[in-house]
Amino acid sequence: MEKQKKEHILSLLVNNKPDVLARVAGTLGGRGYNIETLCVDATMDPGVSKIILSVIQDQATITKIEKQLIRLIDVHSVSDLSKMETVMREMMLVRMKLTDKNKADIALIIDTFRGRVVTMNGDHCVIEITSTKEDIDRAIESLKPLGIDDMARTGIVALERMK
Amino acid sequence: MKLKGSQIFIKALEQEGIDTIFGYPGGVLLDIYDELHRSNLKHILVRHEQGAVHAADGYARASGKVGVTLVTSGPGATNTVTGIANAHLDSIPIVVFTGQVPTPLIGTDAFQEADIIGITRPCTKHNFQVRRVEELAKIIQEAFYIARSGRPGPVLVDLPKDVMASMTDYEPLPPRAKELNSVPKPASKKAFYVLDLINEAKRPLLLTGGGVILGKASEELREMARRTKIPVTSTLMGLGAFPAKDPLWMGMPGMHGTYYANMALSHCDLLIAIGCRFDDRVTGKLDTFASKAKIVHVDVDASSINKNVMVDVPIVQDCKTALQSFNKLLMEQDFSVTDEQRKAWFDQIAEWRTNVPLTYCNSDEIIKPQFVIETLYKLTKGQAIIATEVGQNQMWTAQFYPFDEPNTFLSSGGLGTMGYGFPAAIGAQLAFPDKLVVDIAGDGSIQMNIQELATAVQYKIPVKIAILNNGFLGMVRQWQELFYEKRYSHTDMSFAPDFVKLAEAYGLLGLRAEKPGEVEAILRKGLEHPGPVVMDFKVAREECVYPMVRPGGPIHEMALGREMAN
C-alpha cells in the first residue's frame, strides 16, 4: 500500500443536525489527523448535508479514517473523491488596497485567473476568483507583492463528473 | 393518549423489556423519579454514578442484555464518563440516561449544567439530546437499537427537565425491524478460501476475543474448533467462550499470557482471529506478531480490520453468522482431519506446555495470591460469575481461574478501570440472583468504588469480595521493580482501612485470612454466607505476575520469573 502522503478529498453525506460536524471533526482530530479544508451545506434534501473535507495522509490512513467515519450513526456515506473523476473548485475573496501604481497589475491578474471585482469603494476592492486550488495558490502569489489587505478561501468543493 | 415525558420514558423502557435500572436522583430528574415511584421497574440506588454505570455494564456482560443507568445533570452526568468510556472500549451495550437543565437554560451555565453530549461524544457509540417530547419515544427506541446492534456499545440520552414535564400524544411504537441477520448466509467464496487454508496449514491456531461472547457465538466456535481440531487461545475479553477444560484450550496470550499460547502465536502458519481487535497487550511488537502466519480476521466492525495487524483474509461479519456459515460448509464438504495430521503441531504445543507450564511458587508461610484464586476455583467448581478489578488481581484471575462458559468473567479489558469489578459484580448478581458472584479485588482498586458496599447491603445483594491485599498498587509496583530499579514511587498503599471493620461498619460480614492454612476455611465461610461478604487476604507483598512480555517487546520473549525479568 502507498506510504506516500497526499491530499485526499472526502465527501460525506450526513444528517443535517447540530452535533454532526463536531462528531466528524472529533473523529479525525481525536486521532491526530488535521483537516486541511472543509465545506458544508445542505443537499437537495434539507435533512441531509454534504461535508467535503480534505486531509493529507497516506492511503492506509485514509482507509482507516473512512472506516471510522462510516461508523458514526449520523454519517450515511463516505467517498474518497480523489479516486474518482472529479471536478474540484475553490473560491477566494481578496481585499486589495488600491494605489495608482498597482491598479493595472491587479487588473491583469484578475484577467489571467478569470476573476472579477465584487465591490470597489475608494481605495479598496474585493476580488473573487473561483478556480482550482493550484490556480488560487498562484493567484495569491501574484497578488501578494501588490498588497493583500485580507483574504478568505472556501476550501475545496468537489463533485464526481458522473454517477 | 396524552402523557407526560416522564411517563413516556417509563413506557418506552418497559417496551424495551427493561426491568432493572441503576440510578441516582437529582433536581432535574424529579419528574422521572416521581413516575418511577409508581412503576414496577426495579431501581437500584447506587452510592456514586460511576458505580451505576459499571453495575449496568456488569448486568449487560453477564446477561447479554442492555444495561440501563439513570443519573442527574451536571456532576451526576460527568461522574458517568469513566463508566461510559469503559463500556465503549469493551463494546458493552448500555444506555445511560442523563438529566439536563431545561432547554431554555441550556448554554447559560445554569446550576448543574454540563455539556454531556460534547463530553461523551468520543466515548459513546452515539448520543442524543431530546429537544422535544414528541421525539422522546423514538429516540429511546433508537438508543437501545444502536446499543445492542452491530458492534455493541454505550449510548447516552440527555433528557432536559422541561421535556420530561411536557405532555404529548403517545402511541406505543411498533417494534423496530429485526436487527441482526440470524439466518446463515450461503458460504461465501471467502469461507471456501479459509477452508483451503485450513487444509494446507500445518500449524493452525484460533485467536478469539470478546466479539464471540458479545455475538453469542460460543457454541459455533466450539463446533468449529473441535471439527477442525485447531487449538484455541483467547484474549482477556473472550475468556469463557471456549471451555478451559477442553484439550484444545491454550490459555490467554499476550503480555501475561501462557508461554505456550505466545509460542503458538509466534510459530503458527495460519491464524484465524475471530471477534478480537489485536490490542497491543495481545500482540506485543507488531512486526514479530504471528509473522509466519497467513491471517484470517472475522469482525463485525470493519474499522477493526487492518487497524493494527495487516491481514490476508478480512471477513466483515458478525461472529455468529460467520461461524455458522463456516460450520455449514464444513458439514457440506464433509470436512475431517485426523489426530495424525495434527500430530507434529500438537506434539510441539505439548512440549512447550510441559517445559513451561503456567505455575507459581506456593508457600506455607505466606499467602500467595494465586493460591487464593486456585482455592476459589476449587470451592466454586468453576461455577461462579467472576468479576475482577484491574491490575495483578485481574491477570492472576485470568491465569488461575479457568473459565468454561461465556458471560462468567467480567473484567475491564480495554480501559483498565480500577473500581470496575465490585459494582459490575452487583450488576451481574441482579441479573442472576441465584448464582454465586465473586469480585476478585486488589486493596487499591476496591477502594475506588467501596461506597457501593452500602448498595449491596441495602438491597441484600450477596456479592462476595475477595481482596488480594498486598498493600501495594501491585501492577505498577511490579513495573517499578522491573523497569525502575525498585523505586516504589507512591505505590505503597499499606496505609489502608481495616477492611473487616469497614465491612462491619457498612453492615456486611468481614473476614480475614493471614496464613495459607486459613485461606480455604475463610473462603468456604464467605461463600456459604447468605449475604454480601468482604474477605481480606493478606498476601505476599511483592509477588509478580509471570510470564511477562516486556512492553513493546515480541511476545515470544517472556520473562518467566524474577531472575529472567531482572
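Buried, in these legends, means under 20% relative accessible area, with exposed over 50% and partly exposed in between. The close-ups below all come from a predicted model, so please read each distance and angle as a computed value of that model.

**Figure 1. A buried aspartate of chain A meets a partly exposed lysine.** In this view the side chains of A:D74 and A:K17 form a salt bridge, with 3.4 Å from N to O. A:D74 sits in the loop between α2 (59-71) and β4 (75-80) of chain A, while A:K17 belongs to the loop between β1 (6-15) and α1 (20-29) of chain A, so the contact ties together parts that are 57 residues apart in sequence. The two ends differ in their surroundings: A:D74 has 3% relative accessibility and therefore counts as buried, being under 20%. A:K17, at 41%, counts as partly exposed. Salt bridges occur elsewhere too, and the structure holds 45 of them over all chains.

**Figure 2. A salt-bridge network brings in residues of both chain A and chain B.** Here A:D19 and A:R23 join through their side chains in a salt bridge of 2.9 Å, N to O. Both A:R23 and A:D19 are buried. Widen the view a little and a network of salt bridges appears, linking A:K17, A:D19, A:R23, A:D74 and B:R121. The pair from Figure 1, A:D74 and A:K17, is thus shown again here as part of that network.

**Figure 3. Two buried partners share a helix in chain B.** The side chains of B:E481 and B:R477 meet in a salt bridge, 2.8 Å from N to O. Helix α20 (residues 474-483) of chain B holds both B:E481 and B:R477, which are 4 residues apart, about one turn of the helix. Both of these residues are buried.

**Figure 4. Strand β2 of chain B has parallel partners in β3 and β4.** Strand β2 (residues 20-24) of chain B is mostly covered, with 4 of its 5 residues buried. With strand β3 (residues 42-45) of chain B, β2(B) pairs in the parallel sense over 4 bridges. Within that pairing, B:F22 stands opposite B:I44 in β3(B). To get from β2(B) to β3(B), the chain passes through helix α2 (residues 30-38) of chain B, in a β-α-β crossover that is right-handed. Strand β4 (residues 67-71) of chain B also runs parallel to β2(B), joined to it by 3 bridges. In β4(B), the residue opposite B:F22 is B:T69.

**Figure 5. Aromatic pairs link strands and helices of chain B.** A search of the whole structure finds 11 aromatic pairs over all chains. One of them is the edge-to-face pair of B:F22 and B:Y59, at 6.2 Å centre to centre and 65° between the planes. Because B:F22 lies in strand β2 of chain B and B:Y59 in helix α3 (residues 49-63) of chain B, the pair ties together parts 37 residues apart in sequence. B:F22 counts as buried at 0% relative accessibility, and B:Y59 counts as buried at 5%. Next comes a tilted pair, B:F97 and B:F144, with 6.4 Å centre to centre and 45° between the planes. B:F97 belongs to strand β5 (residues 94-100) and B:F144 to helix α7 (residues 136-148), both of chain B, so this pair ties together parts 47 residues apart in sequence. B:F97 is buried at 0% relative accessibility, and B:F144 is buried with a relative accessible area of 1%.

**Figure 6. Rings of chain B appear in a cluster and beneath charged ends.** B:Y377, B:Y401, B:F403 and B:F409 make up one aromatic cluster. Two further details pair a ring with a charge. B:K435 places its charged end over the ring of B:F432, 5.1 Å from the ring centre. Likewise, the charged end of B:R541 sits over the ring of B:F472, 4.2 Å from its centre.

**Figure 7. An open parallel sheet of chain B has 6 strands.** The order of the strands is β15-β14-β16-β17-β19-β18 (chain B), and the pairing is parallel. At the edges stand β15 (409-410) and β18 (509-513) of chain B; each has a single partner strand, so one side of each is left without a neighbour in the sheet. Further in, strand β17 (residues 464-469) and strand β19 (residues 533-538) of chain B run parallel, joined by 6 bridges. Among the residues of this pairing, B:N469 has B:K538 in β19(B) as its bridge partner.

Technical notes:
Residues are numbered from 1 along each chain as its sequence is written. Chains are lettered from A and ligands numbered from 1 in the order in which they are written. This is a predicted model: local features need pLDDT of at least 70, side-chain atom pairs count only at pLDDT 80 or more; totals for chains, interfaces and linings use all residues. Side-chain values use heavy atoms; hydrogens and water are left out. A salt bridge is a side-chain nitrogen of Lys or Arg within 4 Å of a carboxyl oxygen of Asp or Glu. Buried means under 20% relative accessible area, exposed over 50%, partly exposed in between (1.4 Å probe, protein chains only). Two strands pair if DSSP finds at least two bridges between them. A crossover is right-handed if, with the strands pointing away from the viewer, the path from the first strand over the helix to the second runs clockwise. Rings of Phe, Tyr and Trp (its six-membered ring) pair if their centres lie within 6.5 Å; planes under 30 degrees apart count as stacked, over 60 as edge-to-face and the rest as tilted. A charge sits over a ring if NZ of Lys or CZ of Arg is within 6 Å of the ring centre and within 35 degrees of the ring normal.
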